Amino acid sequence: MFRVSRLTDYATVVMTCIAAHPSDVVSTAQIAEEAHLELPTVSKLLKSLGHAGLVDSFRGVNGGYRLARPAQQISLADIVEAIEGPLGMTECTLGDGQCEREAQCGVRGSWQRINHVLDNALRTMSLADMLRPAPPAVATVALNELKGRTAS
């Protein structure tokens, strides 16, 4: 099964909680309560999200976090990369020279096309989009895009 890590999933939940309060500084405790996550987990995620430049932190009595830029300018790829690192389905999709079998690999091009579709889907889905219910056609569009590219 291919899936994002639990921490990445939680990071999207944390980010949507903050995005739901666009003009507020939200405390770690409030985020944890609204997200139904443990406080240490939320603190760990906020540290990574802060290092990635996705949230700004504020100290003091009214301290907390808010988005570093508007939710429509933060992609799902930004969040995934903040937690997981560079996006890549396989080593060879991260760049040339990452795999010793690269020269004789017959599936590298296919993995690169798949990776491109996934990367594009994550980059076009914004945090603002995550706050809205997704139409069921989203997955179909990505699959049709992939099928169209492999047919060429």
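Me: R123 and D119 are both in helix α5, so what separates them along the helix?
Reply: Keep in mind that this is a predicted model. R123 and D119 form a salt bridge, with their closest N and O atoms 3.1 Å apart. In helix α5 the two are four residues apart, and that puts between them about one helical turn.

Me: How far apart in sequence are the parts that E81 and R123 tie together?
Reply: E81 and R123 form a salt bridge too, and their closest N and O atoms are 2.8 Å apart. E81 belongs to helix α4 (residues 76–84), while R123 belongs to helix α5 (residues 108–124), so the parts this pair ties together are separated in sequence by 42 residues.

Me: Which residues are linked in a network of salt bridges?
Reply: R123 has a salt bridge to D119 and another to E81. Put those together and you get a network made up of E81, D119 and R123.

Me: Is R123 buried, partly exposed or exposed?
Reply: The cut-offs are under 20% relative accessible area for buried and over 50% for exposed, with partly exposed in between. E81, its partner in α4, comes in at 28% and counts as partly exposed. R123 has a relative accessibility of 38%, so it counts as partly exposed.

Me: Which residue does R69 meet in a salt bridge?
Reply: R69 is partly exposed, at 27% relative accessibility. Its side chain comes to 3.0 Å, N to O, in a salt bridge with that of D78.

Me: How many salt bridges does the count come to?
Reply: The rule asks for a side-chain nitrogen of Lys or Arg within 4 Å of a carboxyl oxygen of Asp or Glu. Among the pairs that make it are R69 with D78 and E81 with R123. The count comes to four.

Me: What do the buried residues of α4 pack against?
Reply: In α4 the buried residues are L76, A77, I79, V80 and A82. After the helix comes G85, with a positive phi near 100 degrees. As for packing, the buried residues of α4 sit against α1, α3, α5 and α6 (127–130).

Me: Where on α2 do its buried residues fall?
Reply: The buried ones in α2 are T28, I31, A32 and A35. Looking down the helix axis, they fall within an arc of 100 degrees, so what they line is one face of the helix.

Me: And what do those buried residues of α2 pack against?
Reply: The residues in question are T28, I31, A32 and A35. They pack against α1 (6–19), α3 and β2 (64–67).

Me: What is the phi of H36 near?
Reply: H36 is in the loop between α2 (28–35) and α3 (39–51), and at 72% relative accessibility it counts as exposed. Most residues other than glycine have a negative phi. H36 is not a glycine, yet its phi is positive, near 60 degrees.

Me: Which residue takes a positive phi in the hairpin of β1 and β2?
Reply: β1 (residues 55–58) and β2 run antiparallel, joined by four bridges, and V55 is opposite L67 in β2. Five residues lie between the strands of this hairpin, and the positive phi, near 105 degrees, belongs to G60.

Me: How many disulfides does the structure hold?
Reply: A disulfide is a covalent bond between the sulfur atoms of two cysteines. C17 is buried at 11% relative accessible area, whereas C105 is partly exposed at 29%. The number of disulfides in the structure is zero.

Me: What pattern does the protein chain follow along the sequence?
Reply: The protein chain has seven helices and two strands. Going along the sequence, the order is α-α-α-β-β-α-α-α-α.

Me: Among contacts between residues at least 6 apart in sequence, what share joins residues at least 24 apart?
Reply: One pair spanning a stretch like that is E81 and R123, since they tie together parts that are 42 residues apart in sequence. For the protein chain, the share of such contacts that joins residues at least 24 apart is 63%.

Me: What part of the accessible surface belongs to carbon and sulfur atoms?
Reply: Of the 152 residues in the protein chain, buried ones make up 31%. The accessible surface of the chain comes to about 9,500 Å², and the part belonging to carbon and sulfur atoms is 53%.

Terms used
Residues numbered from 1 in each chain as written. Predicted model: local features only at pLDDT ≥ 70, side-chain atom pairs only at ≥ 80, totals over all residues. Heavy atoms only, no water. Buried < 20%, exposed > 50% of the residue type's maximum accessible area, 1.4 Å probe, protein only. Contact = heavy atoms within 4.5 Å. Areas by Shrake-Rupley, 256 points an atom, 1.4 Å probe, with all protein chains shown as cover. Arc of directions from axis to C-beta. Disulfide = S-S within 2.5 Å. Pairing = 2+ DSSP bridges.
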